[in-house]
Amino acid sequence: MTHQLHELMRDSLDHCVKCTICETYCPVAAATPLFPGPKYVGPQAERYRGGDANADASLDYCSSCGICTQVCPQGVKIAEINSQAKAELAQERGVSLRDRLIARPTLAGWMGAPVWPVANWTTSFGPFRLLLEKVLRIHRKAPMPRWAGRTFQSRTRARRRAPNPSAPQRQVVFFHGCAANFYEPGTGAMAVQVLEHNGLEVIIPKQGCCGLPLQSNGQYDAARAYVRRLAAQLAPYARAGHDIVATSTSCGLMLKREAHEILGVDDDDLKVVSERMFDICEYLVMLDERGELNRDMQPVDMEVPYHAPCQQRGHGVGTPAMELMALVPGLRASQVDAVCCGVAGTYGLKAEKYDIAMEVGRSLFDQVRASGAPLSVCDSETCRWQIAAATDRPSVHPVEMLHRAYGLG
Amino acid sequence: MRGYRTILVERVDLGQGTTGRFHGLLHSGGRYVVSDERSATECAEESAIVKRIAAEAVEDTGGLFVTTPADDPGYADRFLAGCLKTGVPVQEIPAAEALRREPRLNPGISRAFEVQDGAVDAWKLLWGNARSAEEHGARILSYHWVTEVIREGDRVLGVMARDNRAQEMVRIEAAFVINAGGVWAGEIADMADCPGVTVVPGKGIMIAMNHRLVRTVVNRCEHPGDGDILVPIRTVCVIGTTDVKADSPDDYSIDRAEVQQMLDAGEVIVPGFRQARALHAWTGARPLFKDERAGEGGEDTRHMSRGLALVDHLRRDGVSGFLTITGGKLTTYRLMAETVVDAMVEQMGDARPCTTADEPLPGSEDGRHYWLGSRLAAQEEAMADDQLVCECELLPRRKLIEAARRRPGMTLDDVRRALRLGMGPCQGGFCTYRATGILHGLGDAETERADELLLTFLQHRWLGLEPILYGDQMRQACLDDWIFQGTLDVEHLPVAVPA
Ligand SMILES: Cc1cc2nc3c(=O)[nH]c(=O)nc-3n(C[C@H](O)[C@H](O)[C@H](O)COP(=O)(O)OP(=O)(O)OC[C@H]3O[C@@H](n4cnc5c(N)ncnc54)[C@H](O)[C@@H]3O)c2cc1C
């Protein structure tokens, strides 16, 4: 609790001049009066914390999208302060069964995978969802992914190779995250093919969950344990000089930055992993800058709306997905004018927050629908599920557009 | 409480004197165990009573005395012996334990002692006392300046006071007059022709930092010196203080060198102190009593006693119906009142016992101490349907309106003393114009007065801001300046700024 880095984040509250820019950009404060806004719960309320008891449960309405920190002109770590405070609140008031469950995608993943047809049937079965809402307070309309049956890990067992320090340049590690493992192995497979199409050999080591959902649900100790375990699995590859590439932009960010900055994890494994960690679009743009990207693409004649999710912006690398799509002949991608889709990982699944999440994303959904495009593009899985459900059309990862352009499938 | 009909006369607002300009420490007594044993014992006894009767105004932070690398390591043993001798509860804890509790403390501390210090909010304490007095039938006349003590022969009959709002003189007759004028007590004694009651103003500076760097009061385990205490109080922590003899009790100027001295002193307790944001600086003057007739005391105010001083003008000057009480500390305020009223009762031949140590003040009946999150918790209830006037201090519009209705004609400084308007990080940058607009809208301040309220408040905030402008607070001041000059163009308001 009194970790040095936490103190540093907390100290950044000193920089707040109350300019209110964070409040004007906060998508949640704009959608509901239940959330008093990032300035309020961040630098303002933090001065009242640290006593015996936590006083402001309203802070739980923060979706952890992180936009406040990004827009603060003074460098206040608003989102980080809020996350810390939320974790302390959770510690003090206890974590509900629901928040424990939805914060552990591997648990749901493993429960559903072997019985996937049944699992998929139940999650789309109205009465069951009503029951779920009653018992667990997971909103009956909240978007839920569909189990894919065999996990991505088991489908790619042949790629579980050892680190190879002598051929680091041409071999990359793919960090697929829980989403590709349980629900979207197709996205994972496309990513692998796109990387291979660019002359890279892809290693897929055994890997677990990064702990991000635990973190955003205030369960820091568990989150730390998860991310340490994952870092230990990936570190030998990073040490051997392999870059690590992720399709899950939020989980990639967790390893790159948040586990250190928010959870205060300091270990060496995490450090080497974070230095080698790249979002897949970021990585492909880097290849392109070095003249190494395969630019031989077929036209994909289509207009697509693209949404850069909050966590993608947290990487601070611009919008590489837009740059990649611009390379595809005929593809007319346009960025949606909206900050957040509302779901923020698990936030929008919760019964008491579903409506807020839908309100946050409303303008985004309207723009996607109005575009008339058959699909939309977005880097983050939970955002894609939310956007797809709200707009009645698929939402795909940017690599899928490249995959089409390369004529791979 | 003893059943007398009383009037309290105050020249400005309650808390405008030293009480509103102090450090915030409810002394366990630890500070005085070596140098001033009587004060130590008084503080130990009184702080326990104040915690009980004024629970709402006190945060039970606890305190530490730590031997930093800059301190004489030999003092700690004398300190411990002094605590035992004077009855100040103390317990030595391992330095590592102190560091665990207060991670920002200087890691070089060699010894640490736990004491029962607290933080006391002077305004809450004042309002509690004022309400209690009023409930017992007292009248409180603020903005009444005593200009004359009426004497007839050897008897004091009352006072003449100028009502500074109605601009008229008021004659107050009383069977007894108590001079509790603090550092101004000498001036008032002079008015009664009882010369030689010298109250030396021992001026000290304090700086509030933007948030709590420590949770408990931290004292350096050394002979009392400058800048050796850091007090967490409400949302801030306050470093202080100095002690220099001032020429006048009304000298509130802030010496630049002392600001630097305090920041350096902060570094000794919490390394990195200078990187933290300073909010506001102010000074106050201790009433250090020296009776010229008794010929005691010297020029070095740091070593003058903090003990309370009762001056019996009957015995000393042959004047009856008049007593002076001064010296002391905020911590011993109740004992001062008890002492002087006991003396009055004795002079009047009326044996009514004191009950102030037993009766809780209004608002403190449940014995619950102030806690840091309390305003946040209160705001949580009201959130959706009330605007915040002062965001930093979480002051909702409703509270301001209630206060304005109860007490028409307040200045913004009065609002500040009552509700903490403008005391947070932005120092009035965002709340001054809101509050002025609200008072104006209520009909409490017509246009010209509203302009004047705004300008005066800004000017007063500036006094405590300007000396500490560096880093984050400088940035804040520039933004505030832009709001008031650039956007609101307050320089061209059609009113003269009152001096
Ligand atoms: C820098 C500093 C730090 C301190 N820190 C602490 C601390 O941490 N803990 C602690 O216990 N004590 C502390 N003290 C001491 C404590 O603040 C004072 O002893 C105490 O507040 C004095 O209270 P008082 O009522 O005697 O005086 P005051 O609060 O000054 O009250 C006297 C009042 O008389 C009024 N008055 C004067 N002349 C007239 C007149 N002619 N007509 C009408 N009214 C008049 C004044 O306006 C004033 O409000 C500190 C003092 C200083 C200076």
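**Exercise 1. How far apart are the C-alpha centres of domain 1 of chain A and domain 2 of chain A, and what joins the two domains?**

*Step 1: place the domains.* The C-alpha centres of domain 1 and domain 2 of chain A are 27 Å apart. The model is a predicted one. Domain 1 of chain A covers residues 2-93, and domain 2 covers 292-405.

*Step 2: size the contact.* Domain 1 of chain A contributes 14 residues and domain 2 of chain A contributes 13 residues. Together the two domains bury about 1,100 Å², with 66% of it on carbon and sulfur atoms. On the domain 1 side, Tyr61(A), Ser63(A) and Gln70(A) lose the most area to domain 2, together 37% of what that side buries.

*Step 3: list the polar links.* One salt bridge crosses between domain 1 and domain 2 of chain A. Asp60(A) pairs with Lys353(A) in a salt bridge, with 2.8 Å between the closest N and O atoms. Three residue pairs are in polar contact across this interface, both residues at pLDDT 80 or more.

*Step 4: assign the elements.* On the domain 1 side of chain A, helix H3 (27-31) and helix H5 (67-71) each supply at least two residues. H3(A) gives the most to that side, with three residues. By class, the domain 1 side has nine nonpolar, four polar and one charged residues.

**Exercise 2. Describe the contact between chain A and chain B. Which helix gives the most to the chain A side?**

*Step 1: count residues and area.* Chain A brings 28 residues to the contact and chain B brings 33 residues. The chains bury about 2,700 Å² between them, 52% of it on carbon and sulfur atoms. In chain A, the residues that lose the most area to chain B are Asp14(A), Arg47(A) and Tyr48(A), together 32% of what that side buries.

*Step 2: find the charged and polar pairs.* Two salt bridges span the interface of chain A and chain B. Asp11(A) and Arg104(B) meet in a salt bridge at 2.8 Å, N to O. Polar contacts across this interface involve 15 residue pairs, with both residues at pLDDT 80 or more.

*Step 3: name the helices.* Helix H1 (4-11) and helix H4 (38-46) of chain A give two or more residues to the side that touches chain B. H4(A) gives the most, with four residues.

*Step 4: sort by class.* The chain A side that touches chain B holds twelve nonpolar, seven polar and nine charged residues.

**Exercise 3. Which parts of chain B does the salt bridge of Asp71(B) and Arg220(B) tie together, and are both residues buried or exposed?**

*Step 1: check the distance.* The closest N and O atoms of Asp71(B) and Arg220(B) are 2.7 Å apart.

*Step 2: locate the partners.* Asp71(B) sits in the loop between strand S4 (63-67) and H2 of chain B, and Arg220(B) in strand S14 (residues 217-220), so the pair ties together parts 149 residues apart in sequence.

*Step 3: check accessibility.* Both Asp71(B) and Arg220(B) are buried.

*Step 4: set another pair beside it.* Glu37(B) and Lys85(B) form a salt bridge at 3.0 Å, N to O. Glu37(B) is in helix H1 (residues 37-53) and Lys85(B) in helix H2 (residues 75-86) of chain B, so this pair ties together parts 48 residues apart in sequence. Glu37(B) is partly exposed at 35% relative accessibility. Lys85(B) is exposed, at 61%.

Definitions and conventions. Residues numbered from 1 in each chain as written. Chains lettered and ligands numbered in written order. Predicted model: local features only at pLDDT ≥ 70, side-chain atom pairs only at ≥ 80, totals over all residues. Heavy atoms only, no water. Contact = heavy atoms within 4.5 Å. Buried area = accessible area lost by both parts, 1.4 Å probe. Salt bridge = Lys/Arg side-chain N within 4 Å of Asp/Glu carboxyl O. Polar contact = N/O pair within 3.5 Å; in protein donor to acceptor, adjacent residues only side chain to side chain. Nonpolar A, V, L, I, M, F, W, Y, C, P; charged D, E, K, R; others polar. Domains from an automatic or database assignment. Buried < 20%, exposed > 50% of the residue type's maximum accessible area, 1.4 Å probe, protein only.
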